[in-house]
Amino acid sequence: MFRESGFQDKEELTWEDFHFMLRDHDSELRFTQLCVKGVEVPEVIKDLCRRASYISQEKICPSPRVSARCPHSNADVEWTAQRLQCPMDTDPPQEIRRRFGKKVTSFQPLLFTEAHREKFQRSRRHQTLQQFKRFIENYRRHIGCVAVFYAIAGGLFLERAYYYAYQAHHTGITDTTRVGIILSRGTAASISFMFSYILLTMCRNLITFLRETFLHRYVPFDAAVDFHRLIASTAIILTVLHSAGHVVNVYLFSISPLSVLSCLFPGLFHDNGSEFPQKYYWWFFQTVPGLTGVLLLLVLAIIYVFASHHFRRHSFRGFWLTHHLYILLYVLLIIHGSFGLIQLPRFHIFFLVPALIYVGDKLVSLSRKKVEISVVKAELLPSGTSLEAVRDHLGGTDKAHRAWPEP
């Protein structure tokens, strides 16, 4: 802004220079409620500009300078300084009296009034309410996006829970296990949605592109990392609840007779007259959903532990390497949800679109890594480090020649 106005060599600015520098920013000045000469200001802001408050225990006589919020003439500044020295004066100059109205006969000076500190003391409830209002105002886009995302996840949970609570009696599984199946299937739907669309928070090229569009007014793309952590934390909690639901299911299946299990899982059990059902270890370690579920918990635990703040601060490389286990995570998720032991596979419904977008974004990143960049200029900076030392640090003359060409 200084360079465009020709003020880059100036050490100080006058009020006229400041006004000239902001000549093309009328709309921003309206939002900041600056009273600039030549810019029409609403009446409400004009009324606000008639007064300014300060809190001081002593009488201060500041140097006469023009306020950026409400500029006045030199006569105003001189009278203001006199007002600060003698706060009992009540009559301002005629110039100021005419400035605020033609029919003013008696004018109470409102430019500077000493504020009483006790008037600004608020109750804790009032302070909490004000902080909440400021939070809503500052993060309304974040709150809106989080509300939409969690509304979808909650709707998926309720849909599956309602189905197995009231519409799945023909399968007979709710007669064997009701709470466990409702909890496990409801959380499974939410987990499938969250683990699928968390991929979009890692699409850096897509986020960079969308940040320059009109969508940035509604979606806080800069908070993608924070949103990624929030989704991951919620998915971990739902995974624990999902596992708890299956623990209940496995316990009830383990004490159920084969005649019941053969009706529930005709592809796994046959009623051969035996009254001994399969034990816990069979469900967890000898079935595809059980074994992949145990492996998923192990992989998630490793990723979550190394992604914590403590491990990232002490070993970022460990965090980076263990986070690449997400490939194994999605492979296990696909196998775990495709077996169809209780219901038909549904994970691909949520996973397909985000996966295609994520793969496309990764391909764009890989293509950019292959672009050859020509060296235009190499300059040896005055840091006391020679080019030979840099080459030795890189570990080899050939490698150094490729990375650091001669100036």
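Me: In this model, which hand does the crossing of α8 and α10 have, left-handed or right-handed?
Reply: In this predicted model, the crossing of α8 and α10 is right-handed. The two elements concerned are helix α8, residues 140–167, and helix α10, residues 179–197, whose axes lie 8 Å apart.

Me: Why are α8 and α10 called roughly antiparallel to each other?
Reply: Their packing angle is about 150°, and angles over 145 degrees count as roughly antiparallel. The value lies over that cut-off, and α8 and α10 are therefore described as roughly antiparallel.

Me: What makes α8 and α12 roughly parallel?
Reply: The axes of α8 and α12 cross at roughly 30° and come within 12 Å, while the cut-off for roughly parallel is an angle under 35 degrees. Since the crossing angle satisfies that condition, α8 and α12 are roughly parallel to each other, and their crossing is right-handed.

Me: How do you know which way α18 runs relative to α19, parallel or antiparallel?
Reply: Helix α18 packs against helix α19, residues 347–369, at an angle of about 155°, and the two axes are 12 Å apart. That angle makes α18 roughly antiparallel to α19, because the word applies over 145 degrees. As for the hand, α18 passes α19 in a left-handed crossing.

Me: What makes Leu268 eligible for the nonpolar patch on the surface?
Reply: Leu268 has a relative accessible area of 34% and is partly exposed, and patch residues need over 30% relative accessible area and no salt bridge. Leucine is one of the side chains treated as nonpolar for this purpose, and Leu268 is accordingly listed in the patch together with Val288, Ile327, Leu328, Val331, Ile335 and Phe339. The accessible area of these residues together is about 550 Å².

Me: Which helix gives the most to the nonpolar patch, and where does Leu268 sit?
Reply: Helix α18, residues 326–338, gives the most, with 4 residues. Leu268 sits in the loop between α13 (258–264) and α14 (280–285).

Me: Why is Ser338 called partly exposed?
Reply: Ser338, which lies in helix α18, has a relative accessible area of 44%, and partly exposed covers what falls between the cut-off for buried, under 20%, and the cut-off for exposed, over 50%. The value falls between the two, and the label follows from that. Across space, the C-alpha atom of Ser338 is 9.6 Å from that of Val288, although the two residues are 50 apart in sequence.

Me: How do you know that Glu159 and Arg160 form a salt bridge?
Reply: Their side chains meet at 2.9 Å, N to O, and the rule asks for a side-chain nitrogen of Lys or Arg within 4 Å of a carboxyl oxygen of Asp or Glu. The pair meets that rule, by which the count comes to 6 salt bridges.

Me: What makes the labels of Glu159 and Arg160 what they are, buried or partly exposed?
Reply: Arg160 stands at 9% relative accessibility and counts as buried, because the cut-off for that word is under 20%. Glu159 stands at 37% and counts as partly exposed.

Me: What does the salt bridge of Asp222 and Arg211 tie together?
Reply: The closest N and O atoms of Asp222 and Arg211 are 2.6 Å apart. Asp222 lies in the loop between α11 (204–211) and α12 (224–254) and Arg211 in helix α11, so the pair ties together parts that are 11 residues apart in sequence. Asp222 is exposed, with a relative accessible area of 65%, whereas Arg211, at 30%, counts as partly exposed.

Me: Why do Lys377 and Glu379 count as a salt bridge?
Reply: Their side chains meet at 4.0 Å, N to O, and the pair is included because the rule accepts a nitrogen within 4 Å of the carboxyl oxygen. Lys377 has a relative accessible area of 66% and is exposed, and Glu379, with 57%, is exposed.

Me: How do you know whether Val299 is buried or exposed?
Reply: Val299, in helix α15, residues 288–306, has 7% relative accessibility and counts as buried, since that value is under 20%. Its C-alpha atom is separated by 9.6 Å from that of Leu332, 33 residues away along the chain.

Methods:
Residues numbered from 1 in each chain as written. Predicted model: local features only at pLDDT ≥ 70, side-chain atom pairs only at ≥ 80, totals over all residues. Heavy atoms only, no water. Patch = residues over 30% accessible without salt bridge, like charges linked within 9 Å, V, L, I, M, F, W, Y side chains within 5 Å. Areas by Shrake-Rupley, 256 points an atom, 1.4 Å probe, with all protein chains shown as cover. Buried < 20%, exposed > 50% of the residue type's maximum accessible area, 1.4 Å probe, protein only. Axes fitted to C-alpha atoms, helices over the stretch in contact; angles between N-to-C directions. Parallel < 35°, antiparallel > 145°, perpendicular 65-115°, else oblique. Left-handed = near helix turned anticlockwise from the far one by under 90°.
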